[in-house]
Amino acid sequence: MKTTLVVPAYNEEEALPKTFEEYMEYVDEIIIVNDGSQDNTDGIARDYASKNDKIKYIKHDTNRGKPEALKTGVEHSTGDILIFTDADCTYPARYIPEFVKRINMGADMVLGARVFNTTNIPRFNRIGNIIFSLLITYFCYTRIMDAQTGYRAMRTSIFPELDVTAKNLEYETKMTMRAAKLGYSVVEVPIEYRKRVGKSKLNPFRDGFRMLNSIPSTIWQESTFILKSVILINILLFCLGLLFGLYSIYEKLAVGVLSHEYYPLLAVVLILTAMQLMSFSLIMEFIVNKLNKIEDLVKKY
Ligand SMILES: Nc1nc2c(ncn2[C@@H]2O[C@H](COP(=O)(O)OP(=O)(O)OP(=O)(O)O)[C@@H](O)[C@H]2O)c(=O)[nH]1
Ligand SMILES: [Mg+2]
């Protein structure tokens, strides 16, 4: 199967030559998308593309953000397998054969999970990553350690279904979640994550806050209508339980006796029902999605 590497680059003059040199031997096609850089990214990418048939160079006249740069790259790709990486030398190219192997074995998406040397991941990203990964594991019923990784491979045929809307950092996470939610097989390959070459464009506070902020909206957007209804009912049950519980605690502390002795029990029952119902719905949704995917496969062959 033909492999296409898509590399978004924004002011990466320092890391770009190393990226080309490193990845060249591992893929059949490289698409570099210059996302309106102000440095010499244009000159370097143009030069490499003119000397090498494998490299296609595309340029955004203005900066549109990483998700748009990746989408432009995909539009110009001709491979059966898409591989995304950053142009900052953080992701080692040597894992590509393993990614391709996993896809050939039946995976739909392979994530390069940054589990070794996580100190090279900015602190806010690390915290966000842990929260996202736990939530995704729960919401998608699929164990995912690094939903946010920028290093991933997927079958080109599934990309249109995973074409999520996002302005920045949350793009990869949303895509991972959509894939898992749709019942695609998402697997992880543990990778080393190196220190970036060149200046980071991330602002730990602004981008960290944005990312944490995007967690509830991502979960909401990626939920089906039925799941959204269940979430709302659960929130209602949970809040009611909390209200009864807090009222009982307040009464016990302030007055010393409970006017309604069954309130604490009611609180526990409501909260546990909400949690059980949520887990049950998520498991049901997971099973239904997987069965749909199996049915699609059976119809195909
Ligand atoms: N930040 C940022 N990156 C972009 C943009 N457009 C393309 N990119 C590229 O997307 C990749 C990821 O961006 P990075 O700035 O490395 O962000 P990161 O990998 O989350 O964090 P650091 O490597 O620690 O800076 C790099 O190859 C960038 O050059 C953009 O508008 N903003
Ligand atoms: Mg990076």
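Two strands pair if DSSP finds at least two bridges between them. Helices (H or I, at least four residues) and strands (E, at least two) are DSSP runs, numbered from the N terminus.

The model used here is predicted: local features need pLDDT of at least 70, side-chain atom pairs count only at pLDDT 80 or more, and totals for chains, interfaces and linings use all residues. Residues are numbered from 1 along each chain as its sequence is written, while chains are lettered from A and ligands numbered from 1 in the order in which they are written.

**Exercise 1. Get an overview of the protein chain.**

Step 1. Count the elements: the protein chain has nine helices and seven strands.

Step 2. Put a box around it. Along the principal axes, the C-alpha atoms fill roughly 85 × 50 × 35 Å.

Step 3. Check the burial. Of the 301 residues, 37% are buried (20 or more other C-beta atoms within 10 Å of the residue's own, with C-beta atoms placed from the backbone).

Step 4. Look at the contacts (C-beta atoms, placed from the backbone, within 7 Å). Among those with a separation of 6 or more, 79% join residues 24 or more positions apart.

**Exercise 2. Work out the strand order of the sheet, then follow strand 5.**

Step 1. Read off the order: seven strands make an open sheet, 3-2-1-4-6-5-7, with mixed pairing.

Step 2. Find the edges. Strand 3 (55–60) and strand 7 each pair on one side only.

Step 3. Go to strand 5 (residues 109–116), where six of the eight residues are buried.

Step 4. Take its partners in turn. With strand 6 (residues 152–155), strand 5 pairs in the antiparallel sense over three bridges, and valine 110 stands opposite alanine 153 there. With strand 7 (residues 186–192), strand 5 runs parallel, joined by seven bridges; arginine 114 has isoleucine 191 as its bridge partner.

Step 5. Add another pair: strand 1 and strand 4 are parallel over four bridges, with leucine 5 partnered by isoleucine 83 in strand 4.

Background for these steps: strands of a sheet pair through backbone hydrogen bonds, either parallel or antiparallel.

**Exercise 3. Describe the surroundings of ligand 1.**

Step 1. Start with the shell: 19 residues surround ligand 1, and the closest are Tyr10, Asp35, Asp86, Ser200 and Lys201. A residue is near a molecule if its C-beta atom, placed from the backbone, lies within 6 Å of it.

Step 2. Ask which elements give two or more residues to this shell. They are strand 1 (3–9) and helix 3 (66–75).

Step 3. Sort the shell by residue class: seven are nonpolar, five polar and seven charged. Here Ala, Val, Leu, Ile, Met, Phe, Trp, Tyr, Cys and Pro count as nonpolar, Asp, Glu, Lys and Arg as charged, and the others, Gly among them, as polar.

**Exercise 4. Examine two residues with a positive phi.**

Step 1. Recall the usual case: most residues other than glycine have a negative phi.

Step 2. Take asparagine 11, which has a positive phi of about 55°. Asparagine 11 is in the loop between strand 1 and helix 1 (16–23), and is buried, with 20 other C-beta atoms within 10 Å.

Step 3. Now take cysteine 89, with a positive phi near 65°. Cysteine 89 lies in the loop between strand 4 (81–84) and helix 4 (96–104). Buried or exposed? Cysteine 89 is buried, because 21 other C-beta atoms lie within 10 Å.

Notes: A residue is buried if 20 or more other C-beta atoms lie within 10 Å of its own, exposed if 12 or fewer, and partly exposed in between; C-beta atoms are placed from the backbone. Two residues are in contact if their C-beta atoms, placed from the backbone, lie within 7 Å.
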